[in-house]
Amino acid sequence: QVQLVESGGGLVQPGGSLRLSCAASGSIFSINTMGWYRQAPGKQRELVAIISSTEITNYADSVKGRFAISRDRAKNTVYLQMNSLKPEDTAVYYCNMVGVTTRYSPYNSWGQGTQVTVSS
């Protein structure tokens, strides 16, 4: 019903920056929350950042001041600007969107994941 496609991951040196993008397509009536999660090897998936339909944002303590989440309503896209990257930010990053389809049913969709590796 609602598909998410991520882009922007890659290999970056410590202190560097990356920008992730996630575009939604399909039977979208509304997008309420957009979020980014990550999962490192051997660890559980954790919330990185989330943005509501009213632009309220929330961040994991570990990324506050370094990462910024934003959304483009016209493009049904969410971004994650990641600055001052650290090796511990290495993980697969997943986007998530929650909303309502054109058939007025709820959806909770996930992207396929994009690898971010921070290493010298």
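1. Strands here are DSSP runs of E, at least two residues long, numbered from the N terminus. On that basis, Thr 114 belongs to strand β11, which covers residues 114-118. The model is predicted. The points below start from the disulfide, move through strand β9 and its partners, return to Thr 114, and end with the backbone outliers.

2. The disulfide. The structure holds one disulfide. Its partners are Cys 22 and Cys 95, with an S to S distance of 1.9 Å. The link of Cys 22 and Cys 95 is right-handed, with 40° about the S-S bond. Cys 22 sits in strand β3 (residues 18-26) and Cys 95 in strand β9, so the pair ties together parts that are 73 residues apart in sequence. A disulfide is a covalent bond between the sulfur atoms of two cysteines.

3. Burial of the cysteines. Are these two residues buried or exposed? Cys 22 has 0% relative accessibility and counts as buried. Cys 95 is buried as well, with a relative accessible area of 0%. The cut-off for buried is under 20%.

4. Strand β9 as a whole. This is the strand that carries Cys 95. Eight of the eleven residues of β9 are buried, so the strand is largely enclosed by the rest of the structure.

5. β9 with β4. Strand β4 spans residues 28-39 and runs antiparallel to β9, with ten bridges joining the two. One position to check on screen is Gln 39, which stands opposite Val 92 in β9.

6. β9 with β10. Five bridges join β9 to strand β10 (residues 106-110), and the two run antiparallel. Val 100 stands opposite Pro 106 in β10. The two strands form a hairpin with four residues between them. Tyr 104, in the turn, has a positive phi of about 60°.

7. β9 with β11. Three bridges join this antiparallel pair. Which residue of β11 is the bridge partner of Tyr 93? The partner is Thr 114.

8. Thr 114 in detail. Thr 114 counts as buried, at 11% relative accessibility. The side chain of Thr 114 reaches the backbone nitrogen of Gly 9 at 3.3 Å. Leaving aside residues up to four places away in sequence, Thr 114 touches Glu 6, Gly 9, Leu 20, Ala 91, Val 92 and Tyr 93. Gly 9 thus appears both as a contact and as the residue whose backbone nitrogen the Thr 114 side chain reaches. Tyr 93, likewise on the contact list, is the bridge partner of Thr 114.

9. Glu 55. Glu 55 is not a glycine, yet has a positive phi of about 70°. Where does Glu 55 lie? The place is the loop between β5 (46-51) and β6 (57-59). Glu 55 counts as partly exposed, at 41% relative accessibility.

10. Ser 84. Ser 84 also has a positive phi, near 50°, and is a residue other than glycine. Ser 84 is found in the loop between β8 (77-82) and β9 (91-101). The relative accessible area of Ser 84 is 41%, so Ser 84 is partly exposed.

11. For inspection. Three backbone positions deserve a look: Glu 55, with phi of about 70°; Ser 84, with phi near 50°; and Tyr 104 in the β9-β10 turn, with phi of about 60°.

Key
Residues numbered from 1 in each chain as written. Predicted model: local features only at pLDDT ≥ 70, side-chain atom pairs only at ≥ 80, totals over all residues. Heavy atoms only, no water. Buried < 20%, exposed > 50% of the residue type's maximum accessible area, 1.4 Å probe, protein only. Disulfide = S-S within 2.5 Å. Polar contact = N/O pair within 3.5 Å; in protein donor to acceptor, adjacent residues only side chain to side chain. Contact = heavy atoms within 4.5 Å. Pairing = 2+ DSSP bridges.
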